[in-house]
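User: I'm new to this one, could you walk me through it?

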Amino acid sequence: MIRITLPDNSVRQYPEGVTGLDIAKSISEGLARNVLSVMVDGTVQDATRTIEKDASVRLLTWNDPEGKATMWHSSAHLMAEAIELLYPGAKFGIGPDVENGFYYDIDFGSQTISSDDFPKIEKKILELAREKQQYLRKEVSKEEAIRYFTRKGDEYKIELIQDLPDGSITFYESGKFTDLCRGPHLPDTGFIKAVKLLNIAGAYWRGDEKRKQLTRIYGITFPKQKELDDFLILLEEAKKRDHRKLGKELELFAFSQKVGLGLPLWLPRGAQLRERLEMFLKKVQKKAGYQQVMCPHIGNVELYKTSGHYQKYGESSFRPISTPVEGEEFFLKPMNCPHHCEIYKTSPRSYRDLPIRLAEFGTVYRYEQSGELHGLTRVRGFTQDDAHIFCTPEQVKDEFKGVMDIVMLIFKALDFKDFIVQISLRDPNNKEKYIGSDENWEKAETAIMEVAGERGLTTVVVPGEAAFYGPKMDFMVKDALGRKWQLGTIQVDYNLPERFDLEYIGADNQKHRPVMIHRAPFGSMERFVAVLLEHTAGDFPLWLTPDQAIVLPISEKYQDYAKKVLNLLNNSEIRTLIDDRNEKAGKKIRDAEMKKIPYMLVVGEREENEGTISVRRHGQGDLGPVKVEDFIKKVQEEISNELGEIN
RNA sequence: GCCGAUGUAGCUCAGCUGGUAGAGCAGCUGAUUUGUAAUCAGCUGGUCGGCGGUUCGAAUCCGUCCAUCGGCUCCA
């Protein structure tokens, strides 16, 4: 007998060779029907696989992320089986589970396939699912594995197998489909009750641009039809939050083919919003000891040759601009740092001057591949809320702390709660590919880790992800559809001070090399506004929103009073509009609600007589009449609450 | 850049298998003077993404280019 410890710490005795499914059955039949896979001593395995020794076991169902992963991974196999039956000769790449479902990369050969084929495939999948095909695990030798796929003519699988050590190869067989797979899988396909193929896309084999492009089909499955229905509703809701749609509806920004792709045009309301964000950050930065600077949008190519950006961006980006002078070339700036380095160099610096913090809302231009462009999140001309801190190696930690506090302040003022902090360190096994001394790297990396710890941030540490010039910390936020976008970034740089030969005189009267920290709390104004739009669904915080209130006179008779209210509010710096169209109140309210204006102020006979306004809050409804002065006070309070200490 | 899909009025969309365009909203004009999510009537508005081809005839079929969307690669 072996001892099985369950999550509630209870211990049960079972014979050797017991399966997860057996354990579930011994607890309850209902549980057994819902077990998708089991976690045995921290490793997920098939519910039907035997357990030979004492272990702690967790039974995984649809409510566990690992259970979902098992379901979706098995679904990928099932889809492959369906496709193999429908499209003989299709070859298969890889088919993993992902955050919301699964995909399979398939080479359809000369056959073409589009989303029109989805219903047919979905039907086949459900048909096979109902057969309750068991997923059978089989250990095979490398030779045997290669022989199988050679016979089948699937070169992708052969390539995968060749990279695997012998003795670790397993096959899973379900129905007529056999796949190279580590598992784990469902006991049988009967658990899959609802399926939806989501989209179809090209994907390079093994993510390599130079290799063949396979057809990737994304899908998702559920144990109940109802769950699929709910998921589809959720998708629809997410689409409504798309910043491209909201940006158009709220008249914030636009694109024009004539201006050029990836070059956003900020409309008046969007420009105002952006300006407000900039003012907010400038205020914060001023308090934190930053100095604003300004630089032109182009620079002599020599500047970028010195910085190394010409080598990086020169070929794949906007071409240099030539001038009437033979051999003279300018380059649209892809980065602000070289300019700031030159500003640093305008006078000799002492250690007493450091840190020097130069900030600029600097617009940069990068020629992104056309297919990468995406609304405001990926554009060809964008404005970074950039700053460069020049400091001594000893100051790196404090400066990092200061920047992190700014990022946190912003996230708080804008109510971003769900973000990921990634720390990118150098690859410890490959230290020579990084520039800068071992000692300084060590210092900076520990500083970053310590600061993150002191501020109580949960972080993801990724060794080997650092840039060659220094370690960094990035802040990522998800958009409405769960896609991750990097916003703020803080990067230590040992490279540019070297290239620009930056120095300061230390207390020892010797020349020293300063460390440079690049930082952009928003990342870029464009991307930040995009993510903010999706985050708030267009219901911006009151301090930020373009129009804070709108006065709605019941009829033309009350226009004079309405205008009086309008002036009072605007004079109190509450951004207020008036709707003096010849429309009924219901219509005006509907329109204002759709424009997401926070406060609707209805005025008619009653209000005029009593010097009040009837306040309606967006999304909340009628709040009743208040005196105009009281409303002004209320709004001002609400704004200072939102901004907290910054105001 | 690559794979797939899409492109009709300012916006959202109809327009079946080819017979030179239609609705709702928005806009304009007028009537109405209105109390918490759409008052009524009339009118304006489109080289059906661009170019080429097939055809007596193309929004519709074919080719090509452009743009957009979903991915891949890449990145703030």
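Analyst: We can go through the RNA surroundings, then a pocket, then a small sheet, keeping in mind that this is a predicted model.

User: Okay, how many residues surround RNA strand B, and which are the closest?

Analyst: RNA strand B is surrounded by 52 residues, and the closest of them are Gln213, Asn582, Lys587, Arg590 and Glu607. Sorted by class, the surface near the strand has 21 charged, 18 polar and 13 nonpolar residues.

User: Which helices and strands each supply at least two residues of that surface near RNA strand B?

Analyst: On the strand side they are β14 (194-204), β15 (213-222), β27 (484-493) and β34 (612-617), and the helices are α18 (585-594) and α19 (605-610), each giving at least two residues to the surface near RNA strand B.

User: What part of the RNA atoms within 4 Å of the protein belongs to sugar or phosphate?

Analyst: Of the atoms of RNA strand B within 4 Å of the protein, 47% belong to sugar or phosphate, while the rest belong to bases. For a phosphate example, a polar side-chain atom of Arg244 lies 2.6 Å from a phosphate oxygen of RNA strand B.

User: And what about base nitrogens, which residues come up there?

Analyst: A polar backbone atom of Gly371 is 3.2 Å from a base nitrogen of RNA strand B. With Glu593 the side chain takes part, since one of its N or O atoms is 3.4 Å from a base nitrogen of the strand.

User: Switching topic, how much space lies in the largest pocket?

Analyst: The largest pocket holds about 970 Å³ of space. Its lining consists of 36 residues, and Tyr313, Met335, Arg366, Gln384 and Gln491 are the ones nearest its centre. By class, that lining has 12 nonpolar, 13 polar and 11 charged residues.

User: Which element gives the most to that lining?

Analyst: That is β27, which gives five residues to the lining of the largest pocket. Other elements that each supply at least two residues include α11 (309-313), β23 (381-391) and α16 (525-536). As noted earlier, β27 also supplies at least two residues of the surface near RNA strand B.

User: Last thing, what is the order of strands in the open sheet of three?

Analyst: The order is β19-β21-β20, with antiparallel pairing. The edge strands, each pairing on one side only, are β19 (298-300) and β20 (321-322).

User: How many bridges join β20 to β21?

Analyst: Two bridges join β20 to β21 (residues 329-332), and these strands run antiparallel. Across this pairing, Ile321 stands opposite Phe330 in β21.

How values were computed:
Residues numbered from 1 in each chain as written. Chains lettered and ligands numbered in written order. Predicted model: local features only at pLDDT ≥ 70, side-chain atom pairs only at ≥ 80, totals over all residues. Heavy atoms only, no water. Near = heavy atom within 4 Å. Polar contact = N/O pair within 3.5 Å; in protein donor to acceptor, adjacent residues only side chain to side chain. Helix = DSSP H or I, 4+ residues; strand = E, 2+ residues; numbered from the N terminus. Nonpolar A, V, L, I, M, F, W, Y, C, P; charged D, E, K, R; others polar. 1 Å grid on protein atoms, 1.4 Å probe; cavity = no way out; pocket = protein on both sides within 12 Å on 5 of 7 lines; lining within 4 Å. Points joined across faces, edges and corners; volume = space filled by probe spheres on them. Pairing = 2+ DSSP bridges.
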